[in-house]
Amino acid sequence: MATAASAEERPFAQSNDNQLSEGERKGEDRLSAPQSVDYTTLYESIKDKPCRVIQINQHVEGFNGRPFRTRANLIERELEPIHNAQTLSEVHEQLDAAGRRLKQLGVFGTVEFLAHEEPLDDPSACTVDVHLEETNWYKLRAATYVEDSERTFELGASLTNALGNAEHLGANFEYGTENSHTASVSYRQPRAFGFPALFELRGSQLFRNNQKTSSYTEQLRGAVLGVKSLSGAHTVEYELGWRRLLDPSRSASRAVVAQMGDYLKSAVRYTALVDRRDMAAGGAAAAVGGAGWAVKSSTEVAGIVPPTGSSTSSSGSGADSTLRFIRQQVDLVANVPMDETGAVVFSLGLSAGLLLPWGEAGMSRPSCIADRFFLGGPSSLRGFKFKGAGPSDLRRPPVSRSGGETTQAATRRDALGGDAYTSIFASLMFQLPHPALKLLNLHGHAFVNGGNVIPVSGMSRTPSVLLSEFGSTFRWSCGAGLVVPTPLGRFEANYCVVLAAQEHDRVRRGLQLGFAASNV
Amino acid sequence: MSSQPICIIYKWSDCWGLPSLSPACIQAEAYLRLTGVDFAVEVCSTSSSSPTGQLPALERGAYISPGASDEFASAAAVIAYAKKHIKDLDAHLSLSQRADLLAFANLIESRLNVATNVTMWCEGRGFSELKKAAYSGKLPFPLNQLVPWSKQREVRRRLAQTDMDQVYPNALEVLDAIADRLRSTGGPFLFGAKPTTVDALLMGHLLFYRLSPAVAPVLQDKVQSQRVLCEYVDRLLGQNFSVPALPRSALEASTNEAPSWTDAAKGQKKPTPTVVEPSPAEQQFRRHSYYWLLGAGAAIASYILLSGRYIQFATVMEQAGEDEADNDDDEEDVEQ
């Protein structure tokens, strides 16, 4: 903003010196003290006078004195529209727009424009000086975070603008405590060929270990090609991947064993984000992203492959290896401050999702377990263990030894997840009155959390039966606790009471600690 | 027999006139057929669809055979379980015959297994035939090249130590020896009138060499040139493989075993679920974690209260501090 301000004040302070120099000199003769000039009125009076930029001088600096890497034609391309300006106000707008475009490239730390009256003999011409300073060409990152009940350590390295085209090359490696790991390399190009979009190509190999909750491991190798708008509001991605589900423990339930195998995922995904949260209100709402509301919608259509000429023979396992489904997920967050000081904020979070397979005989088979929605845990349904609410199936019992003694422990169950999902969270969050606790960002909250997840495909039931089942098996919990909110999510320590649960749900009694990641 | 749960064997689909396109699956199925026990068959499109990640696999009630890295090792595990828990085909052999049995089994494992693996995975023509038969109809385009390619890499890595020149001559020697043995015993099976484990192991390899286009011509010619081997294979095929196997879906329909998915989704609404007592180790862990949290909370609280950065305690001390600060300021001004 400072650069825009500097671009705003100086042009008319200096470029209209030509017109006003006589008046100023007369003023100086009369008074010894300098007169304060009303810049706003001056600007308003001359902003429509013809003025064009005849020369742009570039002053470029590399990071910390290193050589400047960005290619000249890239900068020329972004500065080109400045020459179209005809009046002073248009010059102002074009300089603003050019500054924004150069910043969107993501390679400059400082972008400054200065317009001055350099060709003194021509009152309708001005020169623009551009000052650019680059950011560092490499960045290393190490982070730890909690995701889905697994602690993960992440290492990332990125090269910015190594070749001069404002491209970003990145490599990332994540390793989790349950042996899940992900490795990915990515290439990002902002404003490719001048288009106002960010182009991304990412290749990754993911291994996720879901043995504890659902007795299977997932390995996904593939590439993602994406186009994002520069504000981050819209994203369109195409993903092509090979997914392999295996069960090394050999103790999975029948429903999960039927899902194992190799799958081809070829999917187009569109994500839209509308964020009308305002951080300026302050108070407790600012800790969770601001007062207001935000909606994120994600639509994924999988199965975009050319149809094969030969029909597949009816093999015994029956599962088609190309994933074909439509998945829609909507997340809504609203924060309403309850009084004018903003110390108490009412938060409402709603999530809903639906997964429907398509294609011939799509609805007669269950959907793939790795795409389904799961419910339970501090993020979606407090009071239940992670993936603890929803349909489940009995695991293969351990084979009794030759002595024939039976084990005392109940056989564990696999969480199967479902196709239709919803989760509702309403909480009243308040700042704690002590200033020390305010500094720690510690708040208290009381909440009500509800949700349900049911399978849709693979069950031959009518929509009305499914809807009534969805309503009658809804799970609810309520509680209170301490929370440290951050814009990415909330660290919570809650005492929960489960009001309604179903048979076979795994309920977490008493104190539940966790990190509730924010969906939006 | 009816009280025992029924065996289910998972195998590759049938092809080329063979009961399964993988010799290891033929071995496992041959053993079960020779025992005469009832079993059901589940055909898997790829090896990762099987419950162990490897084919063949055997499931019987709660038991499932261990998945090994190699399909012949999986077949050996299936046969070992069947020997112990279903029926031991070698029970009738005398001691010297058991010694011969062990020798033949080892010979087949060390030489014929290697030769079959080499001809299926390392030979260009063999691999492409296998790929076409096993993967092309079943997996969509990029996967039907990627999945067999990754499997081929694994097999090649395992076979890195073998001497490729000796593989086929060794196999041909074994085939000659088997043919001689069959001629000398004269009986329908290798050890006389009753089938043994070695017959099941041999069926896998010989049937594959006889009928599959993915096998090296030198092996196929040897089997077809030895008439006694052809007769042996045809006899076994006719006697034991004539009845097609019962598919698993028919089995489930007959026993009215509903897929467990519907049972799990239905649920009655219960206000409180059953309480599971935590084990002593878990209770101790919980106690320790509460102590940790209390300790951490106490440390934070004491830091906040006592460090003086956030809360000023006694105003008396503050006053004294102010007086001293004023004196200090005066002194500084004087110095400057």
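1. B:Y291 is exposed, with a relative accessible area of 53%. In this predicted model, B:Y291 sits in helix 12 of chain B. B:Y291 belongs to a nonpolar surface patch of about 620 Å², together with A:L511, A:L513, B:Y290, B:L293 and B:L294. Helix 12 (280–306) of chain B and strand 21 (510–517) of chain A each contribute at least two residues to the nonpolar patch. The largest share, four residues, comes from helix 12 of chain B. The exposure of B:Y291 fits the patch criterion, because patch residues must have over 30% relative accessible area and no salt bridge.

2. A patch of negative charge is also present on the surface, made by A:D48, A:E90, A:E93 and A:D96. Of these residues, A:D96 can be placed in helix 5 of chain A, which covers residues 88–104. A:D96 has a relative accessibility of 31% and counts as partly exposed. That value passes the patch threshold, because the threshold is over 30% relative accessible area.

3. Some overall figures for chain A follow. Chain A holds ten helices and 21 strands. Of its 520 residues, 44% are buried. The exposed area of chain A is about 26,000 Å², and carbon and sulfur atoms supply 58% of that area. Taking contacts between residues at least 6 apart in sequence, 62% of those in chain A join residues at least 24 apart.

4. Over all chains, the whole structure contains 38 salt bridges. One of them joins the side chains of A:E300 and A:K265, at 3.2 Å from N to O. This pair links distant parts of the chain: A:E300 is in strand 12 (residues 291–302) of chain A and A:K265 in strand 11 (residues 261–278) of chain A, with their positions 35 residues apart in sequence. A:E300 and A:K265 are both buried. Both residues also take part in a network of salt bridges that includes A:E237, A:E239 and A:R269.

5. Which salt bridge partner of A:R202 is buried? The side chain of A:R202 meets that of A:E200 in a salt bridge, with an N to O distance of 3.2 Å. A:E200 is the buried partner, with a relative accessible area of 7%. A:R202, at 26% relative accessibility, counts as partly exposed. The two residues fall in separate classes because buried means under 20% relative accessible area.

6. A further salt bridge is formed by A:E492 and A:R490, whose closest N and O atoms are 3.5 Å apart. Here both A:E492 and A:R490 are buried.

7. Backbone geometry deserves a check at three places. As background, most residues other than glycine have a negative phi, and most peptide bonds are trans. A:N64 is not a glycine, yet has a positive phi of about 55 degrees. A:N64 lies in the loop between strand 1 (52–61) and helix 4 (72–79) of chain A, and at 64% relative accessibility counts as exposed.

8. A:A166 likewise is not a glycine and has a positive phi, of about 60 degrees. Is A:A166 buried or exposed? Its relative accessibility is 0%, so A:A166 counts as buried. A:A166 is in the loop of chain A between strand 5 (150–160) and strand 6 (168–176).

9. In chain B, the peptide bond from B:L55 to B:P56 is cis, with omega near 0 degrees. B:P56 is in the loop between strand 2 (39–43) and strand 3 (57–60) of chain B.

10. B:F72 is in helix 2 of chain B, which covers residues 71–85. At 3% relative accessibility, B:F72 counts as buried. Which residues does B:F72 contact, leaving aside its neighbours within four places in sequence? They are B:P23, B:A24, B:Q27, B:N113, B:T116, B:N117 and B:H205. B:Q226 is 154 residues from B:F72 in sequence, and the two C-alpha atoms are 25 Å apart in space.

Conventions:
Residues numbered from 1 in each chain as written. Chains lettered and ligands numbered in written order. Predicted model: local features only at pLDDT ≥ 70, side-chain atom pairs only at ≥ 80, totals over all residues. Heavy atoms only, no water. Patch = residues over 30% accessible without salt bridge, like charges linked within 9 Å, V, L, I, M, F, W, Y side chains within 5 Å. Areas by Shrake-Rupley, 256 points an atom, 1.4 Å probe, with all protein chains shown as cover. Salt bridge = Lys/Arg side-chain N within 4 Å of Asp/Glu carboxyl O. Lys, Arg positive; Asp, Glu negative; His and termini not counted. Charge placed at Lys NZ, Arg CZ, Asp CG, Glu CD. Buried < 20%, exposed > 50% of the residue type's maximum accessible area, 1.4 Å probe, protein only. Contact = heavy atoms within 4.5 Å.
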